[in-house]
Amino acid sequence: MTTELKILSRKGDKGWWGVIPAFCKGCGLCMEKCPKKCISWSVTLGVYGTPAVEANMDECNACGICQTVCPDAALTVEKTA
């Protein structure tokens with residue numbers, strides 16, 4: 001049996017950012033390490049019923065640090081500009 005994973009994505013001027021709520025446990029490491037402080041809690045719940053995260057793409061420069069520090073591979077960042 002397979003399960004389809006839902007990816008919540010946002011596009012900005014510098015790239016796009018996505019989170020898989022089914023993988024996000026709400027640890028907040030991405031928010032702590034983000035140099036632009038553009039990641040916040042979402043209304044979407046993650047794997048343990050805790051809030052997942054979302055990015056403000058007006059501020060995000062798609063550096064990918066959040067993706068690197070995420071212990072659960074819940075984030076994807078792609079720089080386009």
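Biologist: In strand 5, which residue is the bridge partner of Val19?

Modeller: Leu75 is the partner of Val19, and Leu75 sits in strand 5. Bear in mind as we go that this is a predicted model. The general idea is that strands of a sheet pair through backbone hydrogen bonds, either parallel or antiparallel. Here, strand 2 and strand 5 run antiparallel, and 5 bridges join them.

Biologist: What is the strand order of the sheet they belong to?

Modeller: The order is 1-2-5, in an open sheet of 3 strands with antiparallel pairing. Strand 1 and strand 5 each have a single partner strand, so they stand at the edges and one side of each is left without a neighbour in the sheet. From one strand to the next, the twist averages 10°.

Biologist: How do strand 3 and strand 4 pair?

Modeller: They pair in the antiparallel sense over 4 bridges, with strand 3 covering residues 39-45. The two strands form a hairpin that has 5 residues between them. Look at Gly49 in the turn, where phi is positive, at about 80°. One bridge to find on your screen links Ser40 with Glu54, the latter in strand 4.

Biologist: How many helices and strands does the protein have?

Modeller: There are 2 helices and 5 strands. Reading along the sequence, you meet them in the pattern β-β-α-β-β-α-β.

Biologist: Let me turn to side chains. How many salt bridges does the structure hold?

Modeller: It holds 2. To read one, look for a side-chain nitrogen of Lys or Arg within 4 Å of a carboxyl oxygen of Asp or Glu. In one of the pairs, Arg10 meets Glu54 at 2.6 Å, N to O. That pair links distant parts of the chain: Arg10 is in strand 1 (residues 8-11) and Glu54 is in strand 4 (residues 51-55), 44 residues apart. Glu54 is also the bridge partner of Ser40, as we saw in the hairpin.

Biologist: Are Arg10 and Glu54 buried or exposed?

Modeller: Each falls in between. Arg10 is partly exposed, at a relative accessible area of 38%, and Glu54 is partly exposed too, at 25%.

Biologist: Which residue forms a salt bridge with Asp72?

Modeller: Lys25 does, with 3.6 Å between the closest N and O atoms. This pair also links distant parts of the chain, with the two positions 47 residues apart in sequence. Asp72 lies in the loop between helix 2 (65-69) and strand 5 (75-79), whereas Lys25 lies in the loop between strand 2 (15-19) and helix 1 (29-33). Asp72 is partly exposed, with a relative accessible area of 29%, and Lys25 is partly exposed at 33%.

Biologist: I would check the cysteines next. How many disulfides are there?

Modeller: The count is 0. The idea is to compare sulfur-to-sulfur distances with a cut-off of 2.5 Å. For Cys60, the closest cysteine sulfur is in Cys38, 4.5 Å away, which is too far for a bond. For Cys70, the closest is in Cys27 at 6.1 Å, again too far for a bond.

Biologist: Are Cys60 and Cys70 buried or exposed?

Modeller: Cys60 counts as buried at 9% relative accessibility. Cys70 counts as buried as well, at 18%.

Biologist: And Leu45, is that residue buried or exposed?

Modeller: Leu45 counts as exposed, at 52% relative accessibility. You will find Leu45 in strand 3. Setting aside residues up to four places away in sequence, Leu45 touches Pro21, Thr50, Pro51 and Ala52. Leu45 and Cys24 are 21 residues apart in sequence, with 8.5 Å between their C-alpha atoms.

Biologist: Stepping back, how does the radius of gyration agree with that of a compact globule?

Modeller: A compact globule of 81 residues would have a radius of gyration near 12 Å, and the protein has 12 Å, so the two agree. Along the principal axes, the C-alpha atoms fill a box of roughly 40 × 25 × 20 Å.

Biologist: What share of the residues counts as buried?

Modeller: Of the 81 residues, 35% count as buried. You can also ask how far along the chain the contacts reach. Among contacts between residues at least 6 apart in sequence, 49% join residues at least 24 apart.

Technical notes:
Residues numbered from 1 in each chain as written. Predicted model: local features only at pLDDT ≥ 70, side-chain atom pairs only at ≥ 80, totals over all residues. Heavy atoms only, no water. Buried < 20%, exposed > 50% of the residue type's maximum accessible area, 1.4 Å probe, protein only. Pairing = 2+ DSSP bridges. Axes fitted to C-alpha atoms, helices over the stretch in contact; angles between N-to-C directions. Contact = heavy atoms within 4.5 Å. Rg over C-alpha atoms; globule rule 2.2 N^0.38 Å.
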